[in-house]
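Reader: I'd like to learn how to read pockets, cores and cysteines off a model. Can we walk through one together?

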Amino acid sequence: MKGQKILKIASILMIIGSVIAAIAGVIVILGISALAALSGSAEDVGLLYASSIIVVVASVIQFIAGIKGIGACSAPEKAASCIKWGIIIVILTIISIIIGVVGGGEFSITSLILNLLLPGAYVYGAMQMKGNI
C-alpha cells in the first residue's frame, strides 16, 4: 500500500525519539530545579521551565502520534487523524524553535529542516495512505 512503509518507519522513529526526549525533558526540569535551588534564586528560569515543559508535552504527543501511525498502517481509514497529529507536531516543533531563539539561541535553517524532516515524512506517509482509501 502506498505510503505504508514511510508512515511505519516515521512512526517507529517518532516513538523511539519521543521516549528519549521525554526522559531528557524530565532530567532537564530536575536540573533546572536544582540550579534554582543552588543559586537561591528562581529568576531567569521561567523560559527554561517553559521550554522543558513543551519538550515533555511534545514528546507525549509525538508518542501518541507514533502509536496512531502504526495503527493506521493496518487500518488506512485512520490515516486522516495521523495527518492532524503530524501537523500538531510540526506546530510544536516550530514553537520550540521560536522559544529557543527568544531565549538567546541561534536560528539555523539546517536545524529547522532537520527538526521538521520526521514529522514531514509522517504527514506525507499518512497523506499517501489516506489517498489509498
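Author: Sure, pockets to start with. A pocket here is an open set of grid points with protein on both sides within 12 Å along at least five of seven lines. Rolling a probe the size of a water molecule over the atoms shows where empty space is left. Bear in mind that this is a predicted model.

Reader: OK, how much space lies in the largest pocket?

Author: The largest pocket holds about 320 Å³. Its lining is made of 15 residues, and Ala58, Gln62, Thr93, Ser96 and Asn115 are the closest to its centre. The elements giving two or more residues to that lining are α2 (46-74), α3 (79-102) and α4 (109-131).

Reader: By class, what does the lining of the largest pocket have?

Author: You get 10 nonpolar and 5 polar residues, with no charged ones.

Reader: Now the nonpolar core. Which residues have the most contacts inside the largest one?

Author: Think of a core as buried nonpolar residues joined through side-chain atoms within 4.5 Å. The largest has 17 residues, and Leu7, Met14, Ala65, Cys82, Ile89, Tyr122 and Ala126 have the most contacts inside it. Helices α1 (4-39), α2, α3 and α4 each give two or more residues to this core.

Reader: Take leucine 7. What does leucine 7 touch, not counting residues up to four places away in sequence?

Author: With those left out, Leu7 touches Gly69, Ala72, Cys73, Tyr122, Gly125, Ala126 and Met129.

Reader: Cys73 and Cys82 have both come up. Why is there no bond between the sulfurs of cysteine 73 and cysteine 82?

Author: For a disulfide, look for two cysteine sulfurs within 2.5 Å. The closest cysteine sulfur to that of cysteine 73 is in cysteine 82, and at 7.8 Å it is too far for a bond. The count therefore comes to 0 disulfides. Both cysteines are buried, though: cysteine 73 has 5% relative accessibility, and cysteine 82 has 0%.

Reader: And for polar side chains, is glutamine 128 buried or exposed?

Author: Under 20% relative accessible area means buried. Glutamine 128, in helix α4, has 17%, so it counts as buried. Setting aside residues up to four places away in sequence, glutamine 128 touches Lys2 and Gly3.

Reader: How about glutamine 4: which residues is it in contact with beyond four places in sequence?

Author: Those would be Cys73 and Met129. Glutamine 4 sits in helix α1 and is partly exposed, at 26% relative accessible area. From glutamine 4 to valine 60 there are 56 residues in sequence and 23 Å in space, C-alpha to C-alpha.

Methods. Residues numbered from 1 in each chain as written. Predicted model: local features only at pLDDT ≥ 70, side-chain atom pairs only at ≥ 80, totals over all residues. Heavy atoms only, no water. 1 Å grid on protein atoms, 1.4 Å probe; cavity = no way out; pocket = protein on both sides within 12 Å on 5 of 7 lines; lining within 4 Å. Points joined across faces, edges and corners; volume = space filled by probe spheres on them. Helix = DSSP H or I, 4+ residues; strand = E, 2+ residues; numbered from the N terminus. Nonpolar A, V, L, I, M, F, W, Y, C, P; charged D, E, K, R; others polar. Buried < 20%, exposed > 50% of the residue type's maximum accessible area, 1.4 Å probe, protein only. Contact = heavy atoms within 4.5 Å.
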